[in-house]
Amino acid sequence: MAVTKVALVAAVMICMLIAGSHAEANLTCDQVTIWLTPCISYAVLGGSVSPMCCQGIHSLNAAYKNADDRRGACQCIKDKAAYILGIDYNRVNAIPGKCGTKCPYKVYPSTDCSKVK
């Protein structure tokens, strides 16, 4: 069963990298996807957040240049997360804190990313 979940997570990661859409800002959804892909295993399976995931979170936070970047990243994460079976949004939203940083928004299926400042 664990092998099946790992294979599923790996397949979703590959699909996310291939099918990335672009946000309307300097920061692209492809960049967001690449940085946050190492976080998927924690978001689905729990355990501990990997150093690569934290590196991705810090890279994403450093890349925000304006509100359009934050809104675009929010929408990208929300859109991609909707296709990940077994994702736990509470874990997703806990990742920045576990990496010693903050996120300017929370991601849930109901999040209105157009309101992110």
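**Entry 1: helix H5**

I began with burial along H5 in this predicted model. Asp 69, Arg 70, Gly 72, Ala 73, Cys 74, Cys 76, Ile 77, Lys 78, Lys 80 and Ala 81 are buried there. I noticed that this list mixes charged residues such as Asp 69 and Lys 78 with nonpolar ones such as Ile 77.

Next I checked the length of H5. With 15 residues at 1.5 Å each, H5 should span 21 Å, and its end C-alpha atoms are indeed 21 Å apart, so the two values agree.

What sits at the start of H5? I found a side-chain oxygen of Asn 66 that reaches to within 3.0 Å of the backbone nitrogen of Asp 68.

**Entry 2: a charged pair in H5**

Asp 68 came up again when I looked for charged pairs. Its partner in a salt bridge is Arg 71, with the closest N and O atoms 2.7 Å apart. The two residues lie three places apart in H5, which means about one helical turn separates them. I recalled that an α-helix has 3.6 residues a turn, so residues three or four places apart point the same way.

Are these two buried or exposed? Arg 71 is partly exposed at 26% relative accessibility, and Asp 68 is partly exposed at 38%.

**Entry 3: the other salt bridges**

How many salt bridges are there? I count three. Besides the pair in H5, Asp 88 bridges to Arg 91, and their closest N and O atoms are 3.9 Å apart. Asp 88 is partly exposed, with a relative accessible area of 26%, and Arg 91 is partly exposed at 24%.

Asp 112 pairs with Lys 115, where the closest N and O atoms are again 3.9 Å apart. Here Asp 112 is partly exposed at 37%, whereas Lys 115 is exposed at 63%.

A reminder to myself: side chains of opposite charge can pair when their charged atoms come close.

**Entry 4: the nonpolar core**

I then turned to the interior. The largest nonpolar core holds 31 residues, and Val 32, Leu 60, Ile 95 and Tyr 105 have the most contacts inside it. Which helices feed this core? Helices H2 (29–36), H3 (40–45), H4 (51–63), H5 (67–81) and H6 (89–98) each give at least two residues to the core. This fits a familiar pattern: in soluble globular proteins, nonpolar side chains tend to be buried together.

I picked Leu 60 for a closer look. Leaving aside residues up to four places away in sequence, Leu 60 touches Leu 27, Val 32, Trp 35, Leu 36, Ala 73, Ile 77 and Tyr 105. Two of those partners, Ala 73 and Ile 77, took me back to the buried residues of H5.

Definitions and conventions: Residues are numbered from 1 along each chain as its sequence is written. This is a predicted model: local features need pLDDT of at least 70, side-chain atom pairs count only at pLDDT 80 or more; totals for chains, interfaces and linings use all residues. Side-chain values use heavy atoms; hydrogens and water are left out. A nonpolar core is a set of buried Ala, Val, Leu, Ile, Met, Phe, Trp, Tyr and Cys residues joined through side-chain atoms within 4.5 Å. Buried means under 20% relative accessible area, exposed over 50%, partly exposed in between (1.4 Å probe, protein chains only). Helices (H or I, at least four residues) and strands (E, at least two) are DSSP runs, numbered from the N terminus. Contact means heavy atoms within 4.5 Å. A salt bridge is a side-chain nitrogen of Lys or Arg within 4 Å of a carboxyl oxygen of Asp or Glu. The expected span of a helix is 1.5 Å times one less than its number of residues. A polar contact is a pair of N or O atoms within 3.5 Å; within protein, one must be able to donate a hydrogen and the other to accept it, and residues adjacent in sequence count only if both atoms are side-chain atoms.
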